[in-house]
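Colleague: I have just opened this entry and would like to learn how to read it feature by feature. Please take me through it.

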Amino acid sequence: MRIPRISLCVFLFLPVLFAFGQNNDAKLDHFNPHMEDKSINPCDDFYKYACNKWIAANPIPADQVYWSTGSGLELWNDNILRETLEASSKNDSKRTAAQQKIGDYWAACMDESAIDAAGVKPLQAELDRIAGLQSKQEITLEIARLHRLFPAAWEQSDNQTNAPFFGFTGQQDYDDASMVVAQIDQGGLSLPSRDYYIKTDAKTVETLKKYHSHIRKMLVLAGESETQADADASTVIKMENGMAQAQMDNVKRRDPKNINNRMTLAQLQELTPSIQWDAYLKAVSAPSSDHYIVTSPDFLRAEEKLLEQHPLEHWKVYMRWQLLHLAAPYLNKAIEDENFNFFYQTLAGQEEQLSRWRRCVHMADRDLGEALGQAYVDRAFPPESKARTLEMVHAIENAMHSDIETVSWMTPATKEQAIIKLKGIEDKIGYPSHWRDYSSVKITRDSYVDNVEDATTFEFERWVGKIGKPVDRSEWTMTPPTINAYYDPQLNTINFPAGILQPPYFDRNMDDAVNYGAIGMVIGHELTHGFDDQGRKFDAKGNLRDWWTAEDAKQYDERGKCISNEYTEEVPEAGPGVKQNGLLTQGEDTADNGGIHLALMALDADLKRQGKSLDDKGPDGWTYLQQFFLGNAYSWCSSIRPEVARLIVTTNPHSLPVFRIDNVVSNMPEFARAFDCKAGQKMVRANACRVW
Ligand SMILES: [Zn+2]
């Protein structure tokens, strides 16, 4: 998942780190209208009513941290990709250039004995280079090298860029969305967010202790003595902690105004005299930029202090660790296992590692995704699917149009602007209009880690190469088989990869009511992001520009506050005392609530056109309205390990599935009507929230 800019809002909540499913027996999960738990009153807990039976019948497999009705699709997609990769890996002179790349990538990734035999040797030249640095001045060029070698200098998460020292990439300008400028982002950590370093509760302290022991073990595996590794682990944590302290927190970071800090190159140089920016920019082949966006000046200020305070030896330790950490998933079994033990088992609760073939499928999708994605589209996404989902998108856009026209709290002037923005949204369905050319990426069967490095350099340079140029509107930041969707506020596009336009989200054999409840809600969700608490700050062209009257903005904020208050609550699924911050999840929660409303409006309009009503009974014995809500909940039925639930609640802007159903339906009079719920019951909220 390449997310080059911060405000992209993905629908599913799991970081790419966690993938699902060992079992080779791929089975798509189709909506089952007879799965309700009759012992539960739907008006008390709709999620349990709709999902209990599914959850009981589908425990989380050992190699998973999360298991849902969408997990069968994940495996189904992986199997298709595997068949494509295996067929392409046969050494056949008739292979196309793209088949050679994906096929040899696959062969090298699956060759565990060659990877084991190589050990850390593939890193030796880089380790020697780091060891040989003579002065702190030379650190700059080493940063540039590390950024080009491994993901993810350009990959931003909700918290930071996961690259050593800082992130660097081409980014659409916030003030002129038609152009790409250079952006420097906060980064430098190995743990998922600053909270993991700076919180002082018992759980955090314990995790940090385990992190220390993990670094020590990794350095020993790379050849250090126990004593040295122990001391080095303390140094690494000290340096990363220094960077974590200065990072902007993830709530403040949600507001694009806070990260849109323009600087000239001279100002950037003045902010961080220890980094030779001219040398860095030359080393990463960055074209000149009109200005530089520094997402968090405080972070760079602190990094400068750290660069001044710490001796070169400490930085060598930090860089050695970062190199080893970033390369770990592509190295020998002992190192890969230790990486799994800490980052997946300890941090996320995953008991067993995903099978090799699935890891290789996911890496090939990440590194050569558009070469691999073409075959996926050919096999799994027929034109009928594209046509029918596009029809739903148009119907839901029409619903948003009438919603904007009819809301009581907005003045005509702002409504007019909102409709201009809505009309400006471009719909991207399934796959890109033209495919990426990977011909300059060197892929061989000889070395997996070399292939990853080469693909990373290609992708890094591709993003950096955009600096100073007009924006490419056709760009996708998800590959076609991805089970996810996003709204891009700066391109003003909604994007639905072919991977999610499959059961249980979109099912060609299901009634419209079920599809509107499942994928329709996703479509409405992404559309609503254009008008959530952050998305509303961008205009139709993707510029960060305030098009709201002061009174309308105030009205909006009041409604937004209702949502953020509602979602600020204890989350027992994530452990005792863990509380969700509704300000972090406000945008996603607004999109969940708005999304389902819009999908329901669209279904209602469709049924009316056919002379039917939401309250008519469909073939399953449910009314269409009931079917809609059941289809929606079914697509979210899931179990989650507490470790990963805690990680999500503390770092991720999406709410857990149970809240994505129960909080949403409790805000809707239509739900009460569907299941005949009465005031006072849990799914009928006295203080119901509604933005869109
Ligand atoms: Zn979202």
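Colleague: Let me start with a sheet. In which sense do strand 3 and strand 4 pair, and over how many bridges?

Modeller: Strand 3 and strand 4 pair in the antiparallel sense, over 7 bridges. Two strands count as paired if DSSP finds at least two bridges between them. The elements themselves are DSSP runs, numbered from the N terminus: helices are H or I with at least four residues, strands are E with at least two. To see one bridge, pick Q171, whose partner in strand 4 is V181. Before we go on, note that this is a predicted model: local features need pLDDT of at least 70, side-chain atom pairs count only at pLDDT 80 or more, and totals for chains, interfaces and linings use all residues. Residues are numbered from 1 along each chain as its sequence is written, and side-chain values use heavy atoms, with hydrogens and water left out.

Colleague: What is the strand order of the sheet, and which strands are at its edges?

Modeller: The sheet is open, with 4 strands in the order 3-4-6-5 and mixed pairing. Its edge strands, each pairing on one side only, are strand 3 (166-172) and strand 5 (262-263). Strand 4 (residues 180-186) pairs with strand 6 (residues 292-294) in the parallel sense over 3 bridges; there, Q183 stands opposite I293.

Colleague: Is edge strand 3 largely enclosed or open?

Modeller: Enclosed: 7 of its 7 residues are buried, so the rest of the structure largely surrounds strand 3. Buried means under 20% relative accessible area, exposed over 50%, and partly exposed in between, with a 1.4 Å probe and protein chains only. F166, F168, G170 and Q172 point one way, G167, T169 and Q171 the other way, and all are buried.

Colleague: How does strand 9 pair with strand 7 and with strand 8?

Modeller: With strand 7 (residues 426-430), strand 9 pairs in the parallel sense over 5 bridges, and K428 stands opposite N495. With strand 8 (residues 486-488), the sense is antiparallel, over 3 bridges, and D488 has T493 as its bridge partner. Strand 9 is also largely enclosed by the rest of the structure, because 5 of its 5 residues are buried. The hairpin of strands 8 and 9 has 4 residues between the strands, and N492 takes a positive phi near 50 degrees there.

Colleague: What is the usual backbone pattern?

Modeller: Most residues other than glycine have a negative phi, and most peptide bonds are trans. Here, S285 has a positive phi near 55 degrees and lies in the loop between helix 12 (277-283) and strand 6. D676 also has a phi near 55 degrees; it follows helix 26 (669-675) and is exposed, with a relative accessible area of 54%. A cis peptide bond joins P503 and P504, with omega about 10 degrees, and P504 is in the loop between strand 9 (493-497) and helix 20.

Colleague: Which residues are the protein donors of the zinc ion?

Modeller: They are H525 (NE2), H529 (NE2) and E588 (OE), lying 2.0 to 2.2 Å from the zinc ion. The pair H529 and E588 links distant parts of the chain: H529 is in helix 20 (residues 512-529), E588 in helix 22 (residues 582-609), and they are 59 residues apart. Donors are N, O and S atoms within 2.8 Å of the metal (3.2 Å for Na, K and Ca); water is not among the atoms, so sites may look incomplete. H529 counts as buried at 1% relative accessibility, and E588 does at 3%.

Colleague: How many aromatic pairs does the structure hold?

Modeller: It holds 34. Rings of Phe, Tyr and Trp (its six-membered ring) pair if their centres lie within 6.5 Å; planes under 30 degrees apart are stacked, over 60 edge-to-face, and the rest tilted. Ring pairs link F46, Y49, W622, F628, F629, F671 and F675 into a cluster.

Colleague: And what of the fold as a whole?

Modeller: The protein has 26 helices and 10 strands, and 63% of its 692 residues count as buried. Helix 25 (residues 657-666) is largely enclosed, because 10 of its 10 residues are buried. The C-alpha trace spans about 75 × 55 × 55 Å along its principal axes.
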